Amino acid sequence: MLTEERFARIISAVDTKGSVTVAELMKLLGASESTVRRDLDELDSEGRISRVRGGAISKTKGLTTRDDEVSKRKNQKRKEKNTIGSYAASLIEPGDFVYIDAGTTTEQMLGYITEHDATYVTNAITHAAQLANEGFQVYILGGEFKRTTEAIVGEEAINSLKKYNFTKGFFGANGITKDEGFTTPELKEAMVKRQAFLSCKDRYVLADDSKFGKISAIKFADYDTATIITDRVMKRGYKGAKNIKEVTIR
């Protein structure tokens, strides 16, 4: 296959899927790893794709660098988020010390939580208020308030998390790929997520199918460090993965 033909196929694959891995391109092109990596480096230098560790992402889609407003995201995938949140809430057991990350998917857990013999910590003011109104014992992290996601972030929040050892943690993510792991657009929020991950014994990422194959600017955890709770898995390469729990849409 001629070089320009390989380039065309790579660009088509990247733009269609948003992101591709080296392994996927090796299979698609019937080329060696060294050839694929060399092609990706060349296409990146020409500005036709964006090279990332383990593969490439599209210049036009796939990489998100900022969050949408909460008010906008609340109306996206509502049925899927509701089902995911319901299942996640059922995992909380008596005596658990639970961290709940800010986000519109984790928010859907709150109406289904019934375990009062547990303690809850969150970096979301709205989450804390709802849990408190329902009579749960809840603590909120201190720090900087991020208006876009209604989350508490910053150094003070990170230092607070270092004191805790959670039995379970429930997180949102803007992007999920095997190579880049769990990603989010903003650095301060990613740092809080990262520390909370480290403080949890069992970690769950709540994400609808649209998050698979997407990459945001900042990585906060590796792909294999959490169980992913999702409504379905449509992206090739993720179906049947041992760390994915699919739940049925209600």
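**Helix 1 against helix 3.** I began with the relative orientation of helix 1 and helix 3 in this predicted model, and I recorded the pair as roughly perpendicular, because the angle of about 75 degrees falls in the 65 to 115 range that carries this label. I also noted that helix 1 covers residues 3-17, that helix 3 covers residues 33-45, and that their axes are 11 Å apart. Looking up who meets whom, I found Arg-6, Phe-7, Ile-10 and Ile-11 on the helix 1 side, facing Thr-35, Asp-39, Leu-40, Glu-42 and Leu-43 of helix 3. Sorted by class, this contact comprises five nonpolar residues, one polar residue and three charged residues.

**Helix 1 against helix 2.** I then turned to helix 2, residues 22-29, whose axis comes within 11 Å of that of helix 1 and crosses it at roughly 130 degrees. I therefore entered helix 1 and helix 2 as oblique to each other, and I added that their crossing is right-handed. From helix 1 the contact draws on Arg-6, Arg-9, Ile-10, Ala-13 and Lys-17, while helix 2 supplies Glu-24, Leu-25, Leu-28 and Leu-29. The class count for helix 1 with helix 2 came out as five nonpolar, no polar and four charged residues.

**Helix 2 against helix 3.** To complete my notes on these helices, I looked up helix 2 with helix 3 and found an angle of about 110 degrees, with the axes 9 Å apart; this pair is therefore roughly perpendicular. Val-22, Leu-25, Met-26 and Leu-29 of helix 2 make the contact with Glu-33, Val-36, Arg-37 and Leu-40 of helix 3. Here I wrote down six nonpolar residues, no polar ones and two charged ones.

**Lys-219.** Next I went to strand 15, residues 218-221, where Lys-219 is located. Is Lys-219 buried or exposed? I had to settle on partly exposed, because its relative accessibility is 22% and the buried class stops under 20%. Leaving aside residues up to four places away in sequence, I listed Arg-53, Asp-179, Glu-180, Phe-182, Thr-183 and Arg-194 as the residues that Lys-219 touches. I also logged a polar contact of 2.5 Å between the side chains of Lys-219 and Asp-222. As a separate distance check, I took the C-alpha atoms of Lys-219 and Arg-48, which are 171 residues apart along the chain, and found a separation of 23 Å.

**Asp-209.** My next entry concerns the loop between strand 13 (200-206) and strand 14 (215-216), which contains Asp-209. With a relative accessible area of 6%, Asp-209 is buried. When residues up to four places away in sequence are not counted, Asp-209 touches Thr-230, Asp-231, Arg-232, Val-233, Met-234 and Lys-235.

**Glu-150.** I closed with a backbone check at Glu-150, which sits in the loop between strand 8 (144-146) and strand 9 (151-153). I noted a positive phi of about 55 degrees here, although Glu-150 is not a glycine. I thought this worth an entry because most residues other than glycine have a negative phi. For its accessibility I wrote 25% in relative terms, so Glu-150 counts as partly exposed.

Technical notes: Residues are numbered from 1 along each chain as its sequence is written. This is a predicted model: local features need pLDDT of at least 70, side-chain atom pairs count only at pLDDT 80 or more; totals for chains, interfaces and linings use all residues. Side-chain values use heavy atoms; hydrogens and water are left out. Helices (H or I, at least four residues) and strands (E, at least two) are DSSP runs, numbered from the N terminus. Buried means under 20% relative accessible area, exposed over 50%, partly exposed in between (1.4 Å probe, protein chains only). Contact means heavy atoms within 4.5 Å. A polar contact is a pair of N or O atoms within 3.5 Å; within protein, one must be able to donate a hydrogen and the other to accept it, and residues adjacent in sequence count only if both atoms are side-chain atoms. Axes are lines fitted to C-alpha atoms, for helices over the stretch in contact, and angles run from 0 to 180 degrees between N-to-C directions. Ala, Val, Leu, Ile, Met, Phe, Trp, Tyr, Cys and Pro count as nonpolar, Asp, Glu, Lys and Arg as charged, and the others, Gly among them, as polar. Angles under 35 degrees count as roughly parallel, over 145 as roughly antiparallel, 65 to 115 as roughly perpendicular and the rest as oblique. A crossing is left-handed if the near helix is turned anticlockwise from the far one by less than a right angle, and right-handed if clockwise.
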